[in-house]
Amino acid sequence: MRGTFLQPPKFLIPGLSLIACVIFWHLASTYKLDLGLVSFVYVPSPYAVAVAAGELVTSSKLLPHLTSSLSRVFAGYGAAALLGIGIGLFIGRWKLMESVLLPPLEVLRPIPAVAWIPLAILIFPSSELSMIFITFTGALFPILLNTIHGVEAVDKRLVASARSLGAKPWAILREIILPGAAPSIITGLTIGMGTSWFCLVTAEMISGQWGIGYYTWESYLIQRYPDIVVGMLLIGILGMGSSFLIKVAGRFLIPWYHLRRNV
Amino acid sequence: MNAAASTSSAVSASNLSIHLGHGADRFEAVQNVQFNIRSGEFICILGPSGCGKSTLLGALAGHLQPSGGQLLVDGKPVGGPGPDRGMVFQQHTLFPWRNVIDNVAFGLKMRGVNRSQRLQQAHEILQLVGLQGFERRWPSQLSGGMQQRVEIARVLINHPSLLLMDEPFGALDAQCRMEMQQLLLEIWGRIRTTVVFVTHDIDEAIFLADRILVMSPRPGRIIEDLRVDFARPRDAEVVTTPEFMHLKRHCLELLRHEQGRALPRLSPLGIPTAEPQAII
């Protein structure tokens with residue numbers, strides 16, 4: 001028999017896990033742990049990072065760094081969401097579109113964001129647009145592929161039923177295909193949010209003076225190691241936070257789906 | 001209730017054949033079938049699993065194309081699917097993202113009826129199938145019998161002149177099936193549309209139908225056209241009468257005589273395919 005009072009509170013174990021990681025980090029960096037393959041000799045300690053973070057927060061630079069990065073990520077992500085869902089619906093619905101569009105997209109898919117940099121600079125008139133394009137490439141494919149998968153997985157009987165109830169092709173797309181694919185699209189949007197942040201540092205290597213990715217890259221160039229970790233943690237937290245927001249919004253948009261899974 | 005304004009269709013099939021599958025897997029599911037259905041008749045198509053009776057229904061709905069012969073509804077060849085030929089599937093096809101009343105009102109939305117009128121008519125139809133009070137539920141919150149009631153209501157709101165039913169009560173338990181059969185007859189008594197009801201359950205066919213078309217195993221052919229003359233309205237008592245037993249024995253004989261190997265079930269949409277696998 002298991003008493004419910006023996007179960008730890010919900011956040012206890014995740015919280016302890018995070019604290020354990022920080023303690024390990026502290027010990028490894030303070031005692032310059034060297035395992036041969038990995039070495040903590042040059043890794044800044046949590047305390048140094050906290051000091052650096054404090055400096056960034058109290059400086060006037062944090063806000064422009066944040067707003068530049070957020071607007072780039074959201075512009076790139078927004079464009080990826082529109083295009084990914086739009087093209088995904090067409091590819092999933094029409095076999096011809098699949099043969100026309102999917103092969104070139106499959107070739108572009110494995111190209112990492114960093115490899116896009118030179119071409120992005122050449123293609124786009126401003127460095128701002130090139131940076132938005134890089135975050136766009138990060139978000140596009142998870143959204144596109146999950147949309148295609150969602151559309152293809154829609155129950156054919158529901159489509160047949162809708163046709164028998166008088167739905168024309170456009171109504172079928174709007175009333176059956178889109179809501180039917182919605183759970184998968186939202187999965188794609190959540191993953192795409194994360195991958196869009198992945199590409200931020202790469203994007204902001206291009207140029208500029210503002211942005212968390214730029215801050216991280218610049219800190220490496222001028223050897224301010226604690227600042228690198230501050231930048232990394234900021235990107236991690238912002239990426240996690242925005243993915244979480246997408247997830248919550250998704251839950252709100254498809255209440256029927258979560259209900260069905262719990263039944 | 002303006003459902004009474006429904007017209008009902010006459011159906012005729014001559015030398016009708018339907019092939020399913022592609023290439024080497026292509027086979028004849030329905031072979032050289034002839035029949036006539038008068039306007040307002042309640043027809044049951046009775047046959048073993050996989051005999052092509054659902055295929056025939058799919059062709060009437062317009063989801064499948066005949067490969068030979070003619071299939072006419074009110075003198076015109078069946079084109080694509082349409083709201084005048086309502087279709088009820090064995091497993092409900094309610095839209096999981098719409099609650100009960102919006103599912104029922106879907107056909108009206110497709111016709112451009114405004115929302116308040118849609119809801120009002122959907123309320124009336126839900127009353128007809130005995131589901132008032134469940135308007136705001138999601139389909140997944142209903143029992144199997146209630147889901148089929150919603151499915152029927154959703155089709156009836158379009159006033160179909162031909163009601164096509166593919167073993168609609170096949171997945172329900174015996175008690176519930178009996179209730180739904182009586183409900184269907186009660187509704188049909190009021191709206192008098194033409195019904196084509198596919199089943200492999202002999203009792204169900206005799207209890208419901210004016211006429212039973214008995215089909216052979218694949219390739220499906222019609223091997224008997226039986227009249228059922230029990231007075232209407234019918235109640236559950238009728239199944240214990242000697243005449244009912246006599247008809248039942250006759251049907252059993254026909255089906256036993258034609259018994260072959262068991263075939264996989266076909267659907268009105270053709271050959272059932274496996275659900276696509278998830279990819280990440």
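The following questions and answers concern chain B and one loop residue of chain A in a predicted model.

Local features in this predicted model need pLDDT of at least 70, side-chain atom pairs count only at pLDDT 80 or more, and totals for chains, interfaces and linings use all residues. Residues are numbered from 1 along each chain as its sequence is written, chains are lettered from A and ligands numbered from 1 in the order in which they are written, and side-chain values use heavy atoms, with hydrogens and water left out.

Student: What radius of gyration does chain B have, set against a compact globule of 280 residues?
Tutor: The radius is taken over C-alpha atoms, and the globule rule is 2.2 Å times the number of residues to the power 0.38. Because that rule puts a compact globule of 280 residues near 19 Å, the value for chain B agrees with it, at 19 Å.

Student: Which residue is the bridge partner of Val73(B) in β5(B)?
Tutor: Strands are DSSP runs of E with at least two residues, numbered from the N terminus, and two strands pair if DSSP finds at least two bridges between them. Strand β4(B) is joined by two bridges to β5(B), residues 76-77, in the antiparallel sense. In β5(B), Val73(B) has as its partner Lys76(B).

Student: Is Ile111(A) buried, partly exposed or exposed?
Tutor: Ile111(A) sits in the loop between α4 (95-108) and α5 (113-123) of chain A, where helices are DSSP runs of H or I with at least four residues. Buried means under 20% relative accessible area and exposed over 50%, with partly exposed in between (1.4 Å probe, protein chains only). Because its relative accessibility is 33%, Ile111(A) counts as partly exposed.
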